[in-house]
Amino acid sequence: MQGKILSPQLIIGDDGKHYEYDKNDVVNLGNKDLALLTGSQVDFVIFDEKVAKSIYIINENVNVSSILSADSISSARTKALWGIGLLIFSFIPDIGLQFFNFIPDIWQNIGYIIAIVSFVLYSMAIYSVSKAAASKSLFKNYIIALIISFLGFFLVFILSIIFGAIVDVLANSKDVGIGASMMAVLFLGGIIALIVEIYFYKIHAELAKLSGSSLFLWSFWIFVVSVLLYFVFIIFAEFPSFVILVGFANIIKFIASAVSIIAWVLDFIAWWRFGKVEKR
C-alpha cells in the first residue's frame, strides 16, 4: 500500500483510510525528523487493518510550513541557520557603505527587511529548542533580554533628546549640550547593555549545555567584544576632540562589524552541530 505522512503518528493510504505507525517502523528514516516530512510519499504494509508497518519513504516532501511549525531540534536548527545566515547577509549593505560611502537606499531598506526576517526565524528557533528540551528558562530569558533591549533603546533615544535640549538651553552651547547628553546617554546605555548581555549569557550557556557545544559561549564572548568596540566607535565619533586620530572612528566601526560577523559565524557552526537534547 502507498500513502502520505500526515503527522509523526499518522499515515493516510491511497485507499483513503488512516493508519497509525511508530517511527521505528520507518525503515529508511535515518536521522530525518518526521515532523518535517509531512506530505512525503510512503510505501507500507498494513498490519491489523489500522497499523502501518515496514514503511519506506519513497518521495520526501520537506515543506516550509512543517519547518516553521515543528517544535523539534531539527526544525530549530533549520530556523536558526536561516536566521543567522540572513542576518549576516543583511550586514553587507552596511559594510559596503563603510567602503564606498554610498549604497542605494533600496539596498539599505532590503537589508533592514532581511534583518527583521532573520530576527523572527531566530526567535522561533529559540522557542522550538525550549519546547523540545522542555526548558522553563531558555525562552523566558530570551524574551526578557528582548524586552530590556527594546525598552532600553527607546529610553536612551528619548533621554538623549531631552538631555541635549536641557543642557543646550542652560549652557547656550551646542557642543556642551551634545557632550553632556552623550556622556549621560552612554552611561545609561552601558548599564542597559550589561543587563541584556547577562541574560544573553544565560541563553548561550543553556544552549551550550543542551547541545554540548562550547561554540555557543565562544560566539557570545566574541559578540561582547564587538559591542564594546561599538561603544568605542560612538565615543570616537561623538567626542572627536578627545581623540588625536579622528579617522580611527570608521576603522573601529568596521572592526566591530567584522567581529560581529565572526561571532555569528561561530553561532552558525554551533547550531549546525546541534543534535538531540534530553527533556529537562
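**Group meeting: strands, helices and a nonpolar patch**

Let me start with the strands: β1 pairs with strand β2, residues 10-13, in the antiparallel sense, over four bridges. I should say at once that this is a predicted model. The connection between β1 and β2 is a hairpin of two residues. Ser-7 has Leu-10 in β2 as its bridge partner.

β1, which covers residues 2-7, also pairs with β4, residues 41-47. That pairing is antiparallel too, with three bridges. Within it, Gln-2 stands opposite Asp-43 in β4. As background for anyone looking at the side chains here, in a regular strand they alternate between the two faces of the sheet.

Now the overall layout. The protein has eight helices and five strands. Reading from the N terminus, the order of elements is β-β-β-β-β-α-α-α-α-α-α-α-α. There are 280 residues, and 39% of them are buried. Taking contacts between residues at least 6 apart in sequence, 66% join residues at least 24 apart. The exposed area of the protein is about 16300 Å², and 69% of that is supplied by carbon and sulfur atoms.

Next, the surface. Which residues form the nonpolar patch? They are Ile-116, Phe-119, Val-120, Phe-150, Phe-153, Phe-154, Phe-157 and Ile-158, and together they have about 810 Å² of accessible area. Two helices, α4 at 105-132 and α5 at 138-171, each supply at least two residues of the patch. The largest share is from α5, with five residues.

Take Ile-116 as one member of the patch. Ile-116 sits in helix α4. Is Ile-116 buried or exposed? Ile-116 counts as exposed because its relative accessibility is 54%, and the cut-off for exposed is over 50%.

For the opposite case, go to Tyr-142, which is in helix α5. Tyr-142 has a relative accessible area of 3%, so this residue is buried. The cut-off there is under 20%.

What does Tyr-142 touch, leaving aside neighbours within four places in sequence? The contacts are Phe-119, Tyr-122, Ser-123, Ile-126, Phe-200 and Ile-203. Phe-119 we have already met, as part of the nonpolar patch. With Ser-123 there is also a polar contact, side chain to side chain, at 2.8 Å. As for distance along the chain, Tyr-142 and Tyr-199 are 57 residues apart in sequence, while their C-alpha atoms are 7.2 Å apart in space.

The last residue I want to show is Ser-211. It is placed in helix α6, which runs over residues 174-211. A polar atom of the Ser-211 side chain lies 2.7 Å from the backbone oxygen of Leu-207. The Ser-211 side chain also reaches the backbone nitrogen of Ser-213, at 3.2 Å. Not counting residues up to four places away in sequence, Ser-211 touches Phe-216 and Phe-274.

To go back over the main points: β1 pairs with β2 over four bridges and with β4 over three. The nonpolar patch draws at least two residues from each of α4 and α5. Tyr-142 in α5 is buried and makes a side-chain polar contact with Ser-123. Ser-211 has its place in α6, with its side chain reaching the backbone of Ser-213. That is what I have for today.

Technical notes. Residues are numbered from 1 along each chain as its sequence is written. This is a predicted model: local features need pLDDT of at least 70, side-chain atom pairs count only at pLDDT 80 or more; totals for chains, interfaces and linings use all residues. Side-chain values use heavy atoms; hydrogens and water are left out. Patches are made of residues with over 30% relative accessible area and no salt bridge: like charges are joined within 9 Å, nonpolar side chains (Val, Leu, Ile, Met, Phe, Trp, Tyr) within 5 Å. Accessible areas come from the Shrake-Rupley method with a 1.4 Å probe; for residues, only the protein chains shown count as cover. A salt bridge is a side-chain nitrogen of Lys or Arg within 4 Å of a carboxyl oxygen of Asp or Glu. Buried means under 20% relative accessible area, exposed over 50%, partly exposed in between (1.4 Å probe, protein chains only). Two strands pair if DSSP finds at least two bridges between them. A polar contact is a pair of N or O atoms within 3.5 Å; within protein, one must be able to donate a hydrogen and the other to accept it, and residues adjacent in sequence count only if both atoms are side-chain atoms. Contact means heavy atoms within 4.5 Å.
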